[in-house]
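Let's take a friendly walk through a protein and the ligand that sits with it. Have the sequence and the 3D view ready.

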Amino acid sequence: MCGIVAVIGSREAAPLLLEGLRQLEYRGYDSAGLATIQEVEKDGLGLLSCKRAQGKLNNLSSLVEKFGSPGHLGIGHTRWATHGKPEERNAHPQRDISGEIAVVQNGIIENHRFLRKELEAEGVSFSSETDTEVIPHLIGRELKRMQSDGGVISGSLLLTAVQNVTKELTGAYALAVVWARTPEALVVARRQAPLLIGLGEGEFLCASDTPALAGFTRTILPMEDGEVALLTPLGIELYNAEGKRQQRSPSLLTGIDHVVDKRNFRHFMLKEIHEQPDTAELWVARHLPAGLPPTSPVALPFDESFYQGIEQIQILACGTSRHAGMVGAYLLEQFAGIPTSVFYASEFRYSAPPLAPNTLTIGVTQSGETADTLAALAMEFDRRKANGDPAFASRQLGITNRVESSLARQVPNILDIGAGIEVGVAATKTFLGQLLAFYALALDFAARKKSRSSDEIISLSNELRLVPNYLRSLIHRHDQLSEQLAHRFTDTQDVIFLGRGINYPIALEGALKLKEISYIHAEGYPAGEMKHGPIALIDPRVPVISIAMPGMVFEKVLSNAQEAKARDAQLIGVAPEGPATDIFDALLPLPEVSELISPLLSVVPMQLLSYHIAAHRGLDIDQPRNLAKSVTVE
Ligand code: M6R
């Protein structure tokens, strides 16, 4: 989703901004822009240069190359359209009528219509359809008012203007502001949208995500909710929402947080699918080292108090993370014996179930920045606190791939899936990492609650240790098989994915992957539901992809697949080879593993088939239309 980069220092700002924006490209965007300020008189008015372009970042860099954008202070933005089409006039920076104030914003200003009307009534004419444009106009109006009250042009004046204006805004935002009259001041602010300050050598930076900073500095100061900061060449002044000066020590970025290259793969998504054996291997090494006793079968970073009294679990997540949560719920209920519910975070926010005591709430978000998931967790925290739940402060757990994210600062317990940065918009290796996190929790809870025998715990642990190797051989083979099969989907418009039990969420995930990157309509169903309606969709043009793993529902799934075949569906099986599975017109074979660990493998053909279908169609796989990697607005 929208990305912000800002810099003030001794180097030319434009190349740094472009480099920072490039690191944020993976979040998804449809236009980009930057503004720099060149000091033309010592301690006087600067020149604001603003360049914006629809489409890819290369369009913006060509503009900058051609016309230049001088100055050591600047702000940059990649925009994912919310208010107004992805056109140049709606790209950021947005400016006030004087053209001296420029603003980039990530979020949604919910009262923008009201503010716009108010400003229009005062004679302000708007040049875009964005919610953001009210901000530079409001800052311009506030600066004028303060100057007529005797305020002297300075960075501090700009800071105060932004502090005053942000009080008028409702909604979630992160923003960066420059003013041509203060070529040595950059003001940034955030409320419920991420923003981090980077302390570089001879420069300060600001960005909405760490990859944009990691190439310049590893010393970061994440801004807290409601904070506003003034950045000058001399230092940082940080204020909380009440205007009180804040002092905090910066922290160090760990790990590789900048976007790495594609190596020899055609797309990041393919590379990330191929990285899954490493994700699993690292997880085994961290959490399932050899020699752990069945009474304590996994190494997890929580102390005893975390587990005390948990009687039920609720999982909040969106998209692919919710599918991982559904597999997690299956494991926590069926293996560990803990009643568990899964919610769309966006629904939970406004219709949470009645409070039940002794409940652990798990938020699953690979980015750690999904607005709905963060808000649902915050809402749950607040209502438990208000209700006097004695454990309200400790009963939340976040499962994420980004330990420096807002999630990690918001919840008290974090399980890091450690998959390394994922660039492709379609989540793959992070889904696997989330699944593995739930296997770890299920093993842990089963051992603590004694809901499984030692033998069962040892057997699941041992099977999980084999997963990296299974994945290694599976990915290699399925890459080729899926590529061959993809040719059959040239004219396909609809696909149905079937699964049951622990593989039902994988059918949902298969359908989501296909929709996201190939733009083919796809639906995932629990196989037994077919005959209650969806079977009406079946005809020879609709492929049915059925996940059938030996276990409790194997025969049932095969019967459901037969029902589709009887109606001339092209049947593709994700199942072990053998006489029982020769009903399929094509087979994407899996090794015969236990049903319980099968989702870790059955998801691979889903990912690779979607990938090759989209590649065959020549689509933009890593940045599919309309999608964003980090969904930071509601
Ligand atoms: O960062 P999150 O895990 O919270 O993201 C949630 C969804 O936006 C995400 O899983 C989305 O569905 C992916 N594009 C799926 O591939």
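We will start at the ligand and then visit one residue, Asp372.

This is a predicted model, where local features need pLDDT of at least 70 and side-chain atom pairs count only at pLDDT 80 or more, while totals for chains, interfaces and linings use all residues. Residues are numbered from 1 along each chain as its sequence is written, and side-chain values use heavy atoms, with hydrogens and water left out.

Around the ligand you will find 15 residues, the closest being Ser321, Thr365, Ser367, Thr370 and Glu516; to be near, a residue needs a heavy atom within 4 Å of the ligand. Sorted by class, this shell holds 6 nonpolar, 7 polar and 2 charged residues. Here Ala, Val, Leu, Ile, Met, Phe, Trp, Tyr, Cys and Pro count as nonpolar, Asp, Glu, Lys and Arg as charged, and the others, Gly among them, as polar.

Now look at the backbone. A polar backbone atom of Gln366 is 2.8 Å from an oxygen atom of the ligand, and one of Ala427 is 2.8 Å from a ligand oxygen atom. A nitrogen atom of the ligand, in turn, is 3.0 Å from a polar backbone atom of Val425.

Next comes Asp372, which lies in helix H12, residues 371–386; helices are DSSP runs of H or I with at least four residues, numbered from the N terminus. Is Asp372 buried or exposed? Asp372 is buried, because its relative accessible area is 11%, and buried means under 20%, exposed over 50% and partly exposed in between, using a 1.4 Å probe and protein chains only.

Technical notes:
A polar contact is a pair of N or O atoms within 3.5 Å; within protein, one must be able to donate a hydrogen and the other to accept it, and residues adjacent in sequence count only if both atoms are side-chain atoms. Helices (H or I, at least four residues) and strands (E, at least two) are DSSP runs, numbered from the N terminus.
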